[in-house]
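Visitor: I have a model open and would like to know what stands behind the labels people attach to it. Could you take me through some of them?

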Amino acid sequence: ARLTNPVSKVAQAGRFELHANKVSWHPSEEAAAQGAMDLHVGLLAITGLQRSKANPMLRLIVGTVGYTFGFDTRSDMDSVVDAHTQAKDTLNASSSSKLTPAGAPTAGAPTGNKQGRTGPAAGSKAG
C-alpha cells in the first residue's frame, strides 16, 4: 500500500500490516532511502475511517492527523476495513470487560471473605 505523507502529500510505496492491536506501515527500500519511516498506530487511537468513492484509498483519522493509504484494488481496501473493524471490536470488548463499577468485584477477584476463615479477620480485635 502507498502512504501519502500528511505534510508533503507525497505517496510512498510500502507494506501495510494490520495486527491485533495496531496498524503498521513499513516503507519500501526506495521510500526508506528518501527518509520515509515506519508508522505504527494503535487501533484504539484510530478515531475514524474515510473511504474514497473514486479510488481504493483509505484515510485513518488519529486525533487531528489523517493517514491516507492507497491500495491496488477496492477489494484490498475493503478487506483491510473489515479486518480493522473486527479487530477494533475485539479490543473494545476486551477493554470494556475489564472496566467495572467502583466496588464491584471482577472475575477472580476476592470478595472479602477468604475460604476457611471463620470468626474475626486476623489482626482485628473482637469484642
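Guide: Gladly, and let us begin with a charged pair: D78 and R51 form a salt bridge, with the closest N and O atoms 3.3 Å apart. Please keep in mind that this is a predicted model.

Visitor: Why is the pair of D78 and R51 called a salt bridge?

Guide: The cut-off between a side-chain nitrogen of Lys or Arg and a carboxyl oxygen of Asp or Glu is 4 Å. The closest N and O atoms of D78 and R51 are 3.3 Å apart, so the pair qualifies under the 4 Å limit. D78 lies in helix α2 and R51 in strand β5, so the salt bridge ties together parts 27 residues apart in sequence.

Visitor: What makes D78 and R51 count as partly exposed?

Guide: Partly exposed covers the range between the 20% and 50% limits. D78 has 25% relative accessibility and R51 has 47%, so both fall into that range.

Visitor: How many salt bridges are there by this rule?

Guide: The count is 3. One of them joins E17 and R15 at 2.7 Å, N to O. Another joins D72 and R2, whose closest N and O atoms are 3.6 Å apart. D72 sits in the loop between β7 and α2 and R2 in strand β1, so this pair ties together parts 70 residues apart in sequence.

Visitor: Why does D72 count as exposed, and what does R2 count as?

Guide: Exposed means over 50%, and D72 has 66% relative accessibility, so D72 counts as exposed. R2, at 34%, counts as partly exposed.

Visitor: Let us turn to the rings. What makes the pair of F16 and F69 edge-to-face?

Guide: Two values decide this. Ring centres must lie within 6.5 Å, and planes over 60 degrees apart count as edge-to-face. For F16 and F69 the centres are 4.9 Å apart and the planes stand at 75°, so the pair is edge-to-face. F16 lies in strand β2 and F69 in strand β7, so the pair ties together parts 53 residues apart in sequence.

Visitor: And why is the pair of F16 and F71 edge-to-face?

Guide: The centres of F16 and F71 are 5.6 Å apart and their planes are at 75°, so this pair is edge-to-face as well. F71 belongs to the loop between β7 and α2, 55 residues from F16. F16, F69 and F71 form one aromatic cluster, and F16 and F71 are both buried.

Visitor: How do you know that L58 is buried?

Guide: The limit for buried is under 20%, and L58 has a relative accessible area of 1%, so L58 is buried. L58 is found in strand β6. Leaving out residues up to four places away in sequence, its contacts include L49, Y67, F69, F71, M77 and V80. L58 is also one of the residues with the most contacts inside the largest nonpolar core, which has 19 residues. Helix α2 gives the most to this core, with 4 residues.

Visitor: One last label: what makes β4 and β5 edge strands?

Guide: The 7 strands form an open sheet in the order β4-β3-β2-β1-β7-β6-β5, with antiparallel pairing. β4 and β5 each have a single partner strand, so one side of each is left without a neighbour in the sheet. β4 pairs with β3 over 4 bridges. Two strands pair if there are at least two bridges, so these 4 bridges meet that requirement.

Key:
Residues numbered from 1 in each chain as written. Predicted model: local features only at pLDDT ≥ 70, side-chain atom pairs only at ≥ 80, totals over all residues. Heavy atoms only, no water. Core = buried A, V, L, I, M, F, W, Y, C linked by side-chain atoms within 4.5 Å. Buried < 20%, exposed > 50% of the residue type's maximum accessible area, 1.4 Å probe, protein only. Contact = heavy atoms within 4.5 Å. Phe/Tyr/Trp six-rings, centres within 6.5 Å; stacked < 30°, edge-to-face > 60°.
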